[in-house]
Amino acid sequence: MEIPGNVTTARQMGLVACTRCTKVWPGETERCGRCGHRMQSRDPGSLQRAWAWWVVGLICYIPANTYPMLSTRTLVSKSEDTIVGGAVELAHHGSYGIAIVILVASVLIPIGKFAVIAALAIGVRRGTRMSQLRRHQLYEVVEYIGRWSMIDVFVVAILSSLVQLGALASIAPGKASLFFALSVIFTMLSAQSFDSRMIWDRDSEPTPQPLQPQEVHA
Amino acid sequence: MTETPPNVPIRPARRSFFERVSIVWVVPLVALVIALGVAWQSYADRGPVVEIAFENASGVVAGQTELRYRDVAVGLVETVSFTESLGKVLVGVRLDKAVAEYVDDESEFFVVRPEITSRGVSGLETVLSGVYIQGDWDTEPGGFTPLHEGSADSPLMVGGKRGKRLVLRAAPEASLTERSPIVYQGLEVGQIGRANITDDGNTIEAEAVVFAPHDRLISSATRFWDASGFSFSLGPGGARLDFSSVASLVSGGVTFRTVVSGGEPVEDGQVFVVYPDEGSARSSVFSEEDGPRLNLSAIFEDHASGLSEDAPVELGGIRIGRVTALNGVVDADRFGDERVRLAVTLSINPSRLGMDGDIGADAALEFLQRRAQEGVRARLVNASLLTGGLKVEMIEIEEPDLDPAEIDLTHEPNPLFPTTESDIADVSATAEGVFERINALPIEELLDSAIGLMDNISRVAGSPDLRALPTDLRATIGEVRGTVEEVRNVIGSEDIQALPGRITAVADQLEILVSDLNERDVAGRVLAAFDATQEAAADVSKVSQGLPELFESIDAVAKKAANLEIEQLTEELTGLTRNARTLLGSDQAQALPAAVTATLAEIDTILSEAREQGMTDSIVTALNAARDAAGTVSRSFEGVPDLVDRLNAVAAKAETVPLDQLGEDLSALLNSANQVLDTDGARQLPEDLGNALQELQAVLQELREGGTVENVNATFDSARQAADTLREIAQQLPAILSQARSVLSRAGSTIEGYDADRGVGRDLAIAVREVQRAAEAVSSLARALERSPNSLLFGR
């Protein structure tokens with residue numbers, strides 16, 4: 001979809017859209033006449049929440065990488081590997097594919113999410129050279145892909161539950177798995193907290209405008 | 001577009017900070033606080049790093065190898081690096097803070113690795129899980145020490161076990177196995193640690209520990225011995241197989257027992273000797289093997305076989321130590337040749353040197369040094385001649401050319417004691433020589449001779465003649481005994497018993513008489529008489545010079561007499577004796593002593609009377625006369641030599657006398673006498689003799705009563721007169737003698753004419769010898785007669 005350079009937002013047209021049922025109402029409408037959802041043109045705390053979740057997510061991400069992700073105990077050995085360590089170990093053993101999957105799912109994606117969210121949040125406040133459309137696409141990718149980051153946690157959870165052979169071998173989740181899961185959750189919350197409509201606000205200072213019959217995008 | 005009023009810029013009032021700030025910020029703040037809190041806590045809880053130096057770090061992995069205390073992980077290896085000069089591996093261990101204070105100076109660290117010994121497998125878990133470092137420290141916090149020396153082996157006491165640490169030293173022949181158990185009554189009460197060879201290389205020492213509470217069993221009287229292996233003995237009690245336990249049979253081990261009471265508690269580090277078996281351990285209590293030892297070396301020039309370990313070392317015959325090692329030494333630089341010499345290690349027990357107090361090895365060395373300077377040397381001597389075993393003897397050599405020497409204190413590994421030439425007797429060679437000699441002896445011939453001798457003796461002994469001998473002897477002895485009995489009867493008679501009394505009385509009388517004579521200077525007179533007699537004897541001496549010739553003639557006579565059948569005579573005499581005995585045995589003979597006694601009493605009376613009547617005076621006078629007569633005789637003997645010559649002639653004639661006939665006659669006479677004695681008449685004789693004696697007694701009595709003494713006096717007077725007459729005659733004798741001499745000289749000259757041809761002198765000598773023999777015969781005859789007084793009865 002090719003979006004022309006100047007997109008007029010609903011806010012500019014004095015309208016407000018319901019974020020739940022997407023019906024557009026005049027700007028002063030308090031509640032959505034269809035679903036009763038509280039109407040708000042822009043969420044003033046969106047950026048703050050996004051940043052807050054983002055910080056917590058980042059904090060959690062540090063131990064998620066320093067602590068072992070998986071504790072594997074067999075009859076002969078007991079190994080505890082961190083996420084990166086395990087991937088390197090796998091790569092050493094020649095399993096490059098799995099190593100890449102782990103690296104992408106557990107390192108690349110979470111870090112990318114942190115970077116994208118931070119970039120979007122900064123771009124909302126400071127402006128950016130990247131087009132609004134591109135930023136919106138990024139936001140959608142982040143929101144879509146965020147849940148897949150939990151693949152690592154799922155693997156750990158499944159292995160832990162499956163491989164419980166008593167004294168012979170057992171796999172237990174390490175501390176990192178919890179932090180990683182928390183990190184993923186917090187980044188998802190961060191992404192959700194981000195009000196993507198702000199991408200389209202060209203001005204740093206949103207100015208309320210009278211309702212005008214204009215093309216309403218959203 | 002419609003006109004709209006211009007937008008009035010409406011700026012809402014700025015909300016307060018708390019209104020603007022989202023509540024969500026609480027979450028990251030809490031997260032941050034938690035993170036910081038965790039970080040702080042983990043930092044605060046982190047213990048110190050202890051660095052342990054190991055010889056090697058086999059199996060130690062940084063970040064993975066744990067430090068365990070009582071099998072609980074209390075730390076983790078963080079770093080594995082080297083010491084500065086790469087000499088050792090330095091393992092850094094992050095300790096738990098809780099135990100850090102306990103890791104003090106005395107802590108021990110060792111790497112637990114899988115270990116398979118004869119006693120079992122230990123550390124098996126480390127095969128799979130990897131090694132871990134075992135830490136051991138006591139329960140008293142002693143301040144953290146950051147640097148430690150790790151031991152390669154597990155210490156004997158781990159995990160807070162307590163006990164007594166000992167040092168065990170293996171006696172020769174005893175074995176000491178590392179890591180073997182110490183067993184007491186079959187119960188494992190301790191363990192032997194790593195064994196080391198002592199500095200001098202002769203014995204093995206090992207650290208050992210006896211765990212509490214069994215360590216109270218150890219005292220200074222405790223003896224250890226090797227319990228490994230088994231002993232089998234076969235004796236009167238049957239076969240006997242000894243071994244402590246199957247485990248110690250395989251793995252070795254020592255056991256102990258306090259063999260005597262009175263031991264004192266020992267300190268940690270006490271040295272005990274491990275003996276090869278129980279017997280030697282028990283006997284060692286009295287041999288004082290313990291205590292400081294002085295080790296010396298001695299090099300012997302001659303490499304003699306027979307010296308063995310444990311051979312005694314003696315000083316002045318007292319055992320002061322033993323040989324602990326034997327080695328051959330070849331040192332061309334030192335000795336100048338490449339001969340093999342015998343290097344012996346001597347273990348001296350200072351307490352055996354007999355010095356005061358409890359002396360140590362140094363004092364003993366000083367003492368031996370002095371002795372060596374005085375000339376004491378070590379040498380090999382035979383310990384046992386049978387086995388050929390040798391011993392080492394320290395003996396003072398007293399050779400003037402002895403080189404001065406002393407103990408070489410610089411010699412390694414032990415001071416070198418000077419030696420000297422060995423004194424080894426080659427017993428086997430000597431013994432062989434002896435046996436060869438014995439072998440060469442003609443035993444067979446000797447035995448043959450001996451057998452022959454025995455046969456002969458047996459034959460002689462078996463002859464009937466010899467068997468009859470005892471019977472004859474017994475008869476003879478019976479005769480002798482009978483005779484003796486008779487004699488005893490005679491002697492035992494009361495009369496004989498009374499005789500001494502009588503004789504004493506007579507002697508008393510005589511004594512009185514003699515004293516009387518004394519009073520009258522009889523002695524002086526007698527002396528004068530003797531002087532005269534001496535003169536006469538001198539003359540006689542002169543006379544006797546001619547006697548040899550006479551004797552020769554007499555000898556001839558005697559020779560004849562010697563030819564007489566003396567034996568027969570003797571036999572007859574024997575018969576006579578028998579008869580005499582019969583006579584003596586008769587009652588009359590028994591009565592004789594009584595008669596004699598009576599006669600003696602009479603004589604006694606007469607003598608007393610004689611004394612009373614001045615008989616001594618008469619005797620004195622008579623003696624005077626006798627002296628005069630003797631003097632006269634002396635004078636008259638001056639002519640005797642010629643007379644002797646004559647006598648010689650007479651003797652020569654006598655030689656011709658048929659003495660043989662005479663002897664025969666005598667023999668016949670004796671026979672007759674014997675027969676006579678055998679007759680009843682002869683047996684009657686004693687009775688008659690007794691009667692005669694009684695009569696004699698009566699006569700004497702009469703004599704006494706009838707003034708016999710006076711008559712005797714008269715007789716003495718007559719005798720004196722006769723002596724006087726004799727003196728007168730003697731005074732005339734010189735004239736006679738001169739006449740005789742002239743006659744004899746004439747006869748001598750006449751004989752001289754015949755001398756050369758007829759050898760009268762020689763004949764005379766022969767005659768004298770004959771006479772001598774005759775005299776001897778007569779003498780023996782006289783003795784025979786003396787023994788048989790009854791011949792007197794016949795006036796012979």
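How many bridges join β23 of chain B to strand β24 of chain B? In this predicted model, 7 bridges link the two strands, which run antiparallel. Strand β23 spans residues 376-382 of chain B, and 6 of its 7 residues are buried, so that the strand is mostly covered. Within this pair, Arg379(B) stands opposite Glu393(B), a residue of β24(B).

Chain B also contains a barrel. Its 7 strands close in the order β1-β4-β3-β2-β8-β5-β9, with mixed pairing. From one strand to the next, the twist averages 35°. Two members of this barrel, β2 (residues 66-69) and β3 (residues 72-82) of chain B, pair in the antiparallel sense over 4 bridges. Here Tyr69(B) stands opposite Val72(B) in β3(B).

The loop between β2 and β3 of chain B holds Asp71(B). This residue is not a glycine, yet its phi is positive, near 65°. Asp71(B) is exposed, because 10 other C-beta atoms lie within 10 Å. The loop between β3 and β4 (89-96) of chain B offers another case in Leu86(B), where phi is about 60°, again positive in a residue that is not a glycine. With 8 other C-beta atoms within 10 Å, Leu86(B) is therefore exposed.

A further backbone feature is found in the loop between β13 (204-211) and β14 (222-226) of chain B, where Pro213(B) lies. The peptide bond leading from Ala212(B) to Pro213(B) is cis, with omega near 5°.

Finally, the two chains meet. Chain A contributes 12 residues to the contact and chain B contributes 11 residues. The side of chain A that touches chain B comprises 9 nonpolar, 2 polar and 1 charged residues.

Definitions and conventions:
Residues are numbered from 1 along each chain as its sequence is written. Chains are lettered from A and ligands numbered from 1 in the order in which they are written. This is a predicted model: local features need pLDDT of at least 70, side-chain atom pairs count only at pLDDT 80 or more; totals for chains, interfaces and linings use all residues. Two residues are in contact if their C-beta atoms, placed from the backbone, lie within 7 Å. Ala, Val, Leu, Ile, Met, Phe, Trp, Tyr, Cys and Pro count as nonpolar, Asp, Glu, Lys and Arg as charged, and the others, Gly among them, as polar. Two strands pair if DSSP finds at least two bridges between them. Axes are lines fitted to C-alpha atoms, for helices over the stretch in contact, and angles run from 0 to 180 degrees between N-to-C directions. A residue is buried if 20 or more other C-beta atoms lie within 10 Å of its own, exposed if 12 or fewer, and partly exposed in between; C-beta atoms are placed from the backbone.
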